[in-house]
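I have a fresh model open and a few things to look up. Here are my notes, in the order I took them.

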Amino acid sequence: MDKRRKLVIDCDPGHDDIMAIMNALAHPELFEILGYTTVCGNNYVDKVTSNLCKVLTAIGVDGTVAVGYDAPMVLAPDPQPAAHGESGLDGPVLPEAKVRPVAEHAVEFLHDVCSQAAAKGEKITIVALAPLTNIALFLKTWPELAGAIEEITLMGGSRGKGNILPRAEFNLYADPHAAKLVFASGVPIVMSDIEICVECGTEHALIDGLKGQGKVQDLAHDILQFFSQYGRRRGLSYSPVFDLVPVMHMMHPELFTEKKCRVLIETEGAYTRGMTIVEEAKEEAEANVTLVEHCVDNEAYNRYFMENLKVLDEMVKEKR
Ligand code: RIB
Ligand code: CA
């Protein structure tokens, strides 16, 4: 029996989204990537979809890409050129895309993979690296398929920090109404928040060392050079690569501690839009989230990160 986890990666590439995807692609013995769904987040959906298709083309891998919503459920889109550049993935020089999105909408794609999984008595995992619009509207439309989702492992939220508002993280800020719906859905949620992503931060010296090591590592270098500018300008020696954390947590749970929590989402606050209120659950039954709490070995985490890029380089070399 195929024991690999079946993944749908919901994303808005996005520099750190691409690092998560590269790391998952490096381990086909662990993960079967059923497809990618894209959504408006760091930039509009046409831009982030084009970025994903160009990166898959550059690496030389194929994949099913289904385009999702181009706006949050209620609020207006809020692109982030300061973090990701005008294209949503500034930095690397990318080829024209040969990988093309399918005609099916992202939520229809989720419907199909969940229906097929349910029919076979299997479950899928959603890796959510962007605002939760696609996932919320899928669950709202077909709540009967929620049981086909083993878990949603997501990057989002915080225990107090903020990266878009003083107390709010971007993915949940961008579509707080979608987040509220997903967090109340009863589907098991694994949450990697800002705090754990900072604990897993990658030293800039490791990023610099990727140059000249191979096609994938060169691309990762150019992507991460751009993404780490913010930290470098502020004199930091490391940068968080946010979206990588949920993927690394699936690969190496031994590197993390976890805590069952009750998480609420603020949708209305003028200063707190998308803020997460995270409380340790007193009883298991009141928890709606497994919080990825601490990283116990940053050095091992980043060693695996660098090794996975090398592994993917070897894999794509062999394919040629
Ligand atoms: O807050 C970090 C999140 O927002 C990540 O998903 C990153 O890609 C950014 O757009
Ligand atoms: Ca993202």
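I call a residue buried when its relative accessible area is under 20%. I keep in mind that this is a predicted model.

**Entry 1: the metal site.** I started with D17, which comes out at a relative accessible area of 1%, so I log D17 as buried. L129 also has a relative accessible area of 1%, so L129 goes down as buried too. Which residues coordinate the calcium ion (ligand 2)? I found D12 (OD), D17 (OD, listed twice), L129 (O) and D243 (OD), at 2.3 to 2.6 Å. Along the chain, these donors follow the spacing D-x4-D-x111-L-x113-D. I then checked where two of the donors sit: D17 belongs to helix α1 (residues 15-25), while L129 lies in the loop between β4 and α5. They are 112 residues apart, so I note the pair as a link between distant parts of the chain.

**Entry 2: the sheet.** How many strands form the open sheet, and in what order? I read nine, with mixed pairing, in the order β3-β2-β1-β4-β5-β6-β11-β9-β10. β3 (65-67) and β10 (276-280) are at the edges; each has a single partner strand, so one side of each lacks a neighbour in the sheet. Ignoring direction, neighbouring strands are turned by 30° against each other on average.

**Entry 3: β1, β4 and a helix.** I looked at β1 (residues 5-11) beside β4 (residues 124-128): they pair in the parallel sense over four bridges. In β4, I126 is the residue opposite V8. Helix α5 (residues 133-141) packs on this sheet and touches β1, β2 (31-38), β4 and β5 (149-155). The direction of α5 makes about 155° with that of β5.

Note on methods: Residues are numbered from 1 along each chain as its sequence is written. Chains are lettered from A and ligands numbered from 1 in the order in which they are written. This is a predicted model: local features need pLDDT of at least 70, side-chain atom pairs count only at pLDDT 80 or more; totals for chains, interfaces and linings use all residues. Side-chain values use heavy atoms; hydrogens and water are left out. Two strands pair if DSSP finds at least two bridges between them. Axes are lines fitted to C-alpha atoms, for helices over the stretch in contact, and angles run from 0 to 180 degrees between N-to-C directions. Contact means heavy atoms within 4.5 Å. Donors are N, O and S atoms within 2.8 Å of the metal (3.2 Å for Na, K and Ca); water is not among the atoms, so sites may look incomplete. Buried means under 20% relative accessible area, exposed over 50%, partly exposed in between (1.4 Å probe, protein chains only).
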